[in-house]
Amino acid sequence: AAASELSSFDLGCYMEADPSPLESGGAMGRSYRGLASTTVSGRTCQNWLADNPWTVGIAPTQDVKTKVEPENPESDETTEWGNGLGNHNYCRNPDSSM
């Protein structure tokens, strides 16, 4: 049986474009940090650090947050999105290909 379609909650973190001038590198789903871990057909996704059955070939990169005004602890932060990969099997779009 096919898996149910993803809900608006499951897709709520997907951004087609960076939503703010304080964010960069998160467009086309790269900033998605949801917990979906199955394919549309219901298969469990592969851990990003595993080489079996597929070699991913993309190294994890961290998100980088930087204060706009470093001397002000209340300052806004900019976010440069990493690719979200790590020791998990959550859905990600690390190269913004979708």
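These exercises walk through one predicted model, each with a worked solution.

Residues are numbered from 1 along each chain as its sequence is written, and side-chain values use heavy atoms, with hydrogens and water left out. Because the model is predicted, local features need pLDDT of at least 70 and side-chain atom pairs count only at pLDDT 80 or more, while totals for chains, interfaces and linings use all residues.

**Exercise 1: The overall plan**

Find out which secondary structure elements the chain has, and in what order they come along the sequence.

Solution. Start with the elements themselves: there are 1 helix and 3 strands. Here helices (H or I, at least four residues) and strands (E, at least two) are DSSP runs, numbered from the N terminus. Next, follow the sequence, and the pattern reads α-β-β-β. Then turn to the surface: about 6900 Å² is exposed, and carbon and sulfur atoms supply 55% of it. Such areas come from the Shrake-Rupley method with a 1.4 Å probe; for residues, only the protein chains shown count as cover. Finally, 22% of the 98 residues count as buried. Buried means under 20% relative accessible area, exposed over 50%, and partly exposed in between (1.4 Å probe, protein chains only).

**Exercise 2: The sheet**

Work out in which order the strands lie in the sheet, and which strands sit at its edges.

Solution. Begin with the order: the 3 strands form an open sheet arranged 1-3-2, with mixed pairing. The edges are strand 1 (23–24) and strand 2 (64–67), each of which pairs on one side only. Two strands pair if DSSP finds at least two bridges between them.

Now take the pairs in turn. Strand 1 and strand 3 run parallel and are joined by 2 bridges; in this pair, Glu-23 stands opposite Thr-79. Strand 2 and strand 3 are antiparallel, with 4 bridges, and here Thr-66 has Thr-78 as its bridge partner.

For a closer look at strand 3, pick Glu-80, which lies in it. Glu-80 is partly exposed, at 48% relative accessible area. Beyond its neighbours within four places in sequence, Glu-80 is in contact (heavy atoms within 4.5 Å) with Ser-24, Gln-62, Asp-63 and Val-64.

**Exercise 3: A charged pair**

Locate the salt bridge and say which parts of the chain it links.

Solution. First, recall the cut-off: a side-chain nitrogen of Lys or Arg within 4 Å of a carboxyl oxygen of Asp or Glu. The structure holds 1 such bridge, in which the side chains of Arg-33 and Asp-63 meet at 2.7 Å, N to O. Both residues sit in the loop between strand 1 and strand 2, and the pair links distant parts of the chain, 30 residues apart. Arg-33 is partly exposed at 25%, and Asp-63 is partly exposed at 32%.

**Exercise 4: Two cysteines**

Explain why Cys-45 and Cys-91 do not form a bond.

Solution. Begin with the idea: a disulfide is a covalent bond between the sulfur atoms of two cysteines. The cut-off for one is a pair of cysteine sulfur atoms within 2.5 Å. The sulfur of Cys-45 has its closest cysteine sulfur in Cys-91, 4.1 Å away, so the two are too far apart for a bond. In line with this, the whole structure has 0 disulfides. As for their surroundings, Cys-45 is buried at 18% relative accessibility, whereas Cys-91 is partly exposed at 24%.

**Exercise 5: Asn-93 and some backbone details**

Identify the residue whose backbone oxygen the side chain of Asn-93 reaches.

Solution. Place Asn-93 first: it lies in the segment after strand 3 (77–80), and it is buried, at 6% relative accessibility. Its side chain reaches the backbone oxygen of Met-28 at 2.6 Å. Leaving aside neighbours within four places in sequence, Asn-93 is in contact with Met-28, Gly-29, Arg-30 and Met-98.

Now look at Met-28, which belongs to the loop between strand 1 and strand 2. Its phi is near 55°, a positive value in a residue other than glycine. Ser-96, in the segment after strand 3, also has a positive phi, about 55°, although it is not a glycine. Finally, visit Pro-53, in the loop between strand 1 and strand 2: a cis peptide bond joins Asn-52 and Pro-53, with omega about 10°.

Definitions and conventions: A polar contact is a pair of N or O atoms within 3.5 Å; within protein, one must be able to donate a hydrogen and the other to accept it, and residues adjacent in sequence count only if both atoms are side-chain atoms.
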